[in-house]
Structures are given as structure tokens and as C-alpha cells.
Amino acid sequence: MSGFLQDKAIVVTGGGSGIGRAIALGCAAEGARIVVADLGVSLSGEDPTSEVADAVVKEIEALGGEAVAVAEDVATMTGGQRIVGAAVEAWGRIDGAVCVAGILRERMLFKMSEDEWDAVIRVHLKGHFTVFRHAAEVMREQKSGSLVGITSGAFTGSVAQANYASAKGGIVSLVRSAAVGMYRYGVRANAIAPIARTRMSANVPMELAEMGDPEDIAPMAAYLLSDASKDVTGQVYTVVGGKIAVWNQPVEVRSMKTEGRWTPEQIAERFAEVGVEKMGLIDQLESIRQAATSGEKPNA
Ligand SMILES: NC(=O)c1ccc[n+]([C@@H]2O[C@H](COP(=O)([O-])OP(=O)(O)OC[C@H]3O[C@@H](n4cnc5c(N)ncnc54)[C@H](O)[C@@H]3O)[C@@H](O)[C@H]2O)c1
């Protein structure tokens with residue numbers, strides 16, 4: 001019997017726990033050979049251990065699959081190179097890369113330290129770049145490959161996570177850039193915005209209207225890595241429980257023009273012609289704040 005990803009060589013960063021582990025196991029169950037790349041760090045990115053990646057490799061092997069562990073930091077160029085290199089060394093190719101590694105350092109913008117900003121941007125955004133960059137080099141030669149980024153609905157803005165939201169927005173732009181830069185080489189790039197019960201989502205201070213398990217994310221990752229999605233590129237999909245949703249492509253919605261250059265006074269006079277696009281997040285936060293002050297556990 002052949003699986004949906006039979007014999008494909010797939011790299012999963014952050015493959016040692018949570019959503020990454022579920023994707024690694026799910027893809028292995030579909031016949032893929034997996035590089036489980038995980039530094040085995042805490043939620044804030046500390047205390048690395050190779051045991052986390054090793055444990056998932058053992059789980060895959062116990063189920064009759066093939067996998068190798070790499071305990072490298074995704075945020076270094078050598079890390080990205082070694083992670084991609086592990087697939088090429090073991091199986092002579094890389095068919096897909098899913099970048100799931102991530103950390104959190106929550107803080108309000110007015111209190112966030114440089115280290116909190118840098119740490120989150122480097123693991124999420126640079127951690128995608130290092131792997132995408134090295135994978136793209138091999139995939140360009142192969143004339144095939146699928147890159148999958150992991151973003152978050154937080155890319156639209158987040159109260160106490162300017163670092164995380166910015167990294168996740170950057171990942172969307174990186175995915176879009178990979179899609180436009182690589183399509184003529186047969187290489188695709190898409191992003192998943194997952195929601196799932198893991199240690200990372202455990203401390204969200206509100207009742208989330210949508211929630212699911214890490215195992216719910218794996219089938220969509222497998223689909224995006226497979227030949228069945230060969231015409232799909234440059235897309236962002238929310239995946240939660242039994243729901244899959246596609247995000248729109250950002251476009252200008254209204255414009256106004258003047259002869260020559262605007263003055264601030266002219267803009268003020270005619271501003272309603274472009275106006276504003278509603279930022280639903282602020283309204284949502286207001287109702288959460290009101291619910292919280294009245295003692296209820298707010299819904300979001
Ligand atoms: N859980 C959710 O609801 C949710 C929502 C939106 C986005 N996400 C995203 O999904 C991804 C996975 O999150 P999760 O909830 O499974 O978290 P998790 O903490 O369970 O897993 C993250 C994994 O990344 C690894 N990692 C961290 N830094 C690393 C580094 N520098 N190099 C290599 N590995 C490293 C950790 O060791 C860990 O195994 C993250 O990118 C997260 O932002 C999760």
C-alpha cells in the first residue's frame with residue numbers, strides 16, 4: 001500500500017513537540033521519510049536537548065517509518081543548512097519543508113526588551129529563511145518541492161506579542177516571496193495558520209471560540225506537501241479542528257488622486273474618499289475588556 005506522501009523526503013522543524021510532532025508523525029504515516037529537526041527548547045527558547053527530536057524519530061521508527069533527528073538551531077545559517085543537508089544526505093533529495101519551530105516571549109510593546117524582540121524574530125522569521133533558503137537551492141535543481149510556513153492569525157495584530165505578530169507577518173511575506181520567486185522552478189510555497197492545544201496555546205487568557213488538536217493540522221500539511229496540490233502556491237490557510245479556511249490576497253481597495261503632489265490640507269479635505277478599513281480586532285478587544293471587567297471569562 002502506498003501513502004499520500006510515499007517516499008517523499010520531508011523536513012519538519014519543531015518536529016519534536018506539539019504541532020510539529022503531529023505533522024512529522026502524520027506525514028510519516030503517509031509514507032514520507034522525515035527529518036525531525038528540533039532543538040528541544042522550553043517555550044521561551046531555553047535549555048536545549050536533543051532528546052526531543054530523538055524521541056519522535058523513535059516513535060516514527062516504531063510505526064515502521066524512516067526518520068532522522070537533527071538537534072540544530074533553526075535560526076542559524078549552519079542550522080538551516082544541516083537540517084536540509086540531513087535529508088539530502090540520507091535520501092538524496094528534499095521534497096518538502098515545514099517550518100514549525102517557534103517560541104514565545106510575551107510583553108506589552110512599551111515594556112518589550114530588545115532581547116525579547118530579537119529572540120522571537122530570529123526563531124520564527126529567520127528560522128523560516130534559513131530552511132527555505134537551503135531547501136530552495138536543492139529544490140530549484142530538482143525542479144520540484146513544496147515549502148510550508150507556519151504563521152498565525154496573530155499576524156493581523158496582537159496586544160502583547162508585537163514580536164510574534166511581526167514575525168508571523170514576515171513569514172506570510174516570505175512565503176509569498178518564495179511563491180513568486182520559485183514558481184518557475186516548479187517549487188511552491190504556502191502557509192498554515194494553525195490553532196491547536198499545545199503548551200504554546202495553553203496560556204491564552206481567554207476562551208477561544210475555535211480550538212482543536214495538533215493532529216488536526218497534519219492532514220493539511222500533508223496535502224500541501226503532496227503532488228495533489230501541485231497548482232497551489234502563495235496561499236495562507238487557517239487550520240483548526242475540522243475547519244480549513246483560505247485568507248484573501250492583500251489588495252488596495254480604494255484610492256484617490258490629485259494632479260501633482262498632495263498637501264496635508266487637501267488630504268484632510270478629501271480623506272473620506274479613501275477613508276479607513278475597519279479594524280475588527282479593536283472592537284473585539286473592547287468587548288473582551290468589558291467582559292473581563294464585569295468578571296466573566298471573555299470569549300474570542
Ligand atoms: N498552538 C497554537 O494554537 C498555535 C497557533 C498559531 C501558531 N502556532 C505556531 O505553530 C508552531 C508550533 O507551535 P506549538 O504550539 O506546537 O508549540 P511547541 O512549543 O509545542 O513546539 C515548538 C517546537 O519548536 C522547537 N524550537 C523552538 N525553537 C527552536 C529553534 N531555535 N530551533 C529548533 N527548534 C526549535 C521547540 O523545541 C518545540 O519542540 C509555532 O510556530 C507557533 O507559533 C501555534
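**A walk from the surface to the cores**

G64 counts as exposed, because its relative accessibility is 67%, and over 50% is the cut-off for that class. The model is predicted. G64 belongs to the loop that joins α2 (51–62) to β3 (67–70). Its distance from T156 is 41 Å, C-alpha to C-alpha. In sequence, G64 and T156 are 92 residues apart.

Stay with the exposed positions for a moment. K143 sits in the loop between α4 and β5 (145–150). At 62% relative accessibility, K143 is exposed. Its backbone deserves a look. K143 is not a glycine, yet its phi is positive, at about 65°. Most residues other than glycine have a negative phi. D7 also has a positive phi of about 65°, and D7 is not a glycine. D7 is found in the segment before β1. With 43% relative accessibility, D7 counts as partly exposed, because that class runs between 20% and 50%.

Now move inward. I103 lies in the loop between β4 (96–99) and α4 (114–142). Is I103 buried or exposed? I103 is buried, because its relative accessible area is 3%, and buried means under 20%. Its contacts, leaving aside neighbours within four places in sequence, include V41, S42, L43, S44 and G45. A119, V120, V123 and H124 are also among them, as are Y164 and M200. Take V120 from that list. I103 and V120 are 17 residues apart in sequence. In space, their C-alpha atoms are 6.3 Å apart.

S201 is another loop residue to inspect. Its loop runs between β6 (187–195) and α6 (218–225). S201 counts as buried, because its relative accessibility is 19%, and the cut-off is under 20%. What does the side chain of S201 reach at 2.6 Å? The partner is the backbone oxygen of A196. The side chain of S201 also reaches the backbone nitrogen of T198, at 3.0 Å. Beyond its neighbours within four places in sequence, S201 is in contact with A196 and M211.

Next come the nonpolar cores. The largest has 39 residues. Those with the most contacts inside this core are V11, V35, I83, I94, A97, A135 and L147. Which helices and strands each supply at least two residues of the core? The strands are β1 (9–13), β2 (33–37), β4 and β6. The helices are α3 (77–91), α4 and α5 (162–182). α4 gives the most, with eight residues.

L147 makes a good viewpoint here. Leaving aside neighbours within four places in sequence, L147 is in contact with A97, F132, A135 and M139. A178, V187, R188, A189 and N190 are further contacts of L147. A second, separate core has 33 residues. V12, C27, I34 and A53 are among its members.

Finally, turn to a pocket. The second largest pocket holds about 260 Å³ of space. Its lining has 13 residues, and the closest to the centre are F155, W247, N248, Q249 and P250. How does the lining divide into nonpolar, polar and charged residues? Seven are nonpolar, five are polar and one is charged.

Key. Residues numbered from 1 in each chain as written. Predicted model: local features only at pLDDT ≥ 70, side-chain atom pairs only at ≥ 80, totals over all residues. Heavy atoms only, no water. 1 Å grid on protein atoms, 1.4 Å probe; cavity = no way out; pocket = protein on both sides within 12 Å on 5 of 7 lines; lining within 4 Å. Points joined across faces, edges and corners; volume = space filled by probe spheres on them. Nonpolar A, V, L, I, M, F, W, Y, C, P; charged D, E, K, R; others polar. Helix = DSSP H or I, 4+ residues; strand = E, 2+ residues; numbered from the N terminus. Buried < 20%, exposed > 50% of the residue type's maximum accessible area, 1.4 Å probe, protein only. Polar contact = N/O pair within 3.5 Å; in protein donor to acceptor, adjacent residues only side chain to side chain. Contact = heavy atoms within 4.5 Å. Core = buried A, V, L, I, M, F, W, Y, C linked by side-chain atoms within 4.5 Å.
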